[in-house]
Amino acid sequence: MSGEELLRRAHAARGNAYAPYSRFAVGAALLCEDGRVFLGCNVENAAYPVTCCAERAALFAAVSAGARRFRAIAVSGAPLGQEPGAPCPPCGVCRQALREFCAPKEMRVYLDAPGGGMAETTLQALLPESFGPENLAP
Ligand code: THU
């Protein structure tokens, strides 16, 4: 699946965002090595820190369905009622959560580019010198 198609799925997933407090809606689409795609949106809570980001919602849905290996994630965010027109990079917690299951140099991250189109980066670029499972059992 192309990065553009994965980003379109992230845009669609944004439609389910529950974001009454920040009013910032985020969608994520996570591509597994076996071709499955899992979607997530941010789910906020009246007790604010309980909020789950779209990326972790997608990741936890995927792992809960038995997926463990991923190729790429697309993320799209913007204020409610607006079309995304700028990148919404994953927060630090989500970068680390993804790191658990991904080779950082291989894992593609697709974002909205400023002013339209798509930007591409890697988990390695977003989270260099990261700590992963192999650090616990070298
Ligand atoms: N959010 C995400 O879902 N993913 C990100 O990468 C950045 C932030 C959510 C959390 C919160 O519901 C809202 O966006 C504002 O921070």
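A residue is counted as buried when its relative accessible area is under 20%. Because its relative accessible area in this predicted model is 6%, Cys 102 is buried. Cys 102 is placed in the loop that runs between α3 (92–99) and β4. Although Cys 102 and Arg 69 are 33 residues apart along the chain, their C-alpha atoms are separated by 6.7 Å.

Strand β1, which spans residues 24–32, is mostly covered, in that eight of its nine residues are buried. This strand has pairing partners in both β3 and β2, and the two pairings can be described in turn. With β3, strand β1 runs antiparallel and is joined by nine bridges, and within this pairing Leu 30 has Ile 73 of β3 as its bridge partner. With strand β2 (residues 37–41), the arrangement is again antiparallel and comprises five bridges, Gly 40 of β2 being the bridge partner of Ala 28. The hairpin made by β1 and β2 has four residues between the strands, and in this hairpin Gly 35 adopts a positive phi near 95°.

A further antiparallel pairing is found between β4 and strand β5 (residues 118–122), which are connected over five bridges. In this pairing, Val 109 has Thr 121 of β5 as its bridge partner. The two strands form a hairpin with five residues between them, and Gly 115, located in the turn, has a positive phi of about 80°.

Positive phi values also occur in residues other than glycine. Most residues other than glycine have a negative phi. Arg 23 nevertheless has a positive phi, near 55°, and is located in the loop between α1 (3–14) and β1. Glu 129 likewise has a positive value, with phi near 50°, and belongs to the loop between α4 (123–126) and α5 (133–136). Since the relative accessible area of Glu 129 is 81%, this residue is classed as exposed, the threshold for that class being over 50%.

Within strand β3, Ser 76 provides a case of a polar side chain with contacts to two other side chains. Ser 76 counts as buried because its relative accessibility is 0%. The side chain of Ser 76 makes a polar contact of 2.7 Å with the side chain of Asp 112, and another, at 3.2 Å, with the side chain of His 11.

The largest pocket has a volume of about 200 Å³, and 15 residues line it, those nearest its centre being Glu 33, Phe 70, Arg 71, Ala 103 and Glu 106. Two elements, β3 (70–79) and β4 (108–112), each give two or more residues to this lining, and the most is given by β3, with three residues. In terms of residue class, the lining of the largest pocket consists of nine nonpolar and six charged residues, with no polar residue among them.

The surroundings of the ligand were examined separately. The residues around the ligand are Ser 22, Phe 24, Val 26, Asn 42, Glu 44, Thr 51, Cys 53, Ala 54, Glu 55, Pro 89, Pro 90 and Cys 91. Asn 42 approaches the ligand through its side chain, a polar atom of which lies 2.9 Å from a ligand oxygen atom. For Ala 54 the corresponding distance of 2.9 Å involves a backbone N or O atom and an oxygen atom of the ligand. In the case of Cys 91, a polar backbone atom is 3.4 Å from an oxygen atom of the ligand.

Methods: Residues numbered from 1 in each chain as written. Predicted model: local features only at pLDDT ≥ 70, side-chain atom pairs only at ≥ 80, totals over all residues. Heavy atoms only, no water. 1 Å grid on protein atoms, 1.4 Å probe; cavity = no way out; pocket = protein on both sides within 12 Å on 5 of 7 lines; lining within 4 Å. Points joined across faces, edges and corners; volume = space filled by probe spheres on them. Nonpolar A, V, L, I, M, F, W, Y, C, P; charged D, E, K, R; others polar. Buried < 20%, exposed > 50% of the residue type's maximum accessible area, 1.4 Å probe, protein only. Pairing = 2+ DSSP bridges. Near = heavy atom within 4 Å. Polar contact = N/O pair within 3.5 Å; in protein donor to acceptor, adjacent residues only side chain to side chain.
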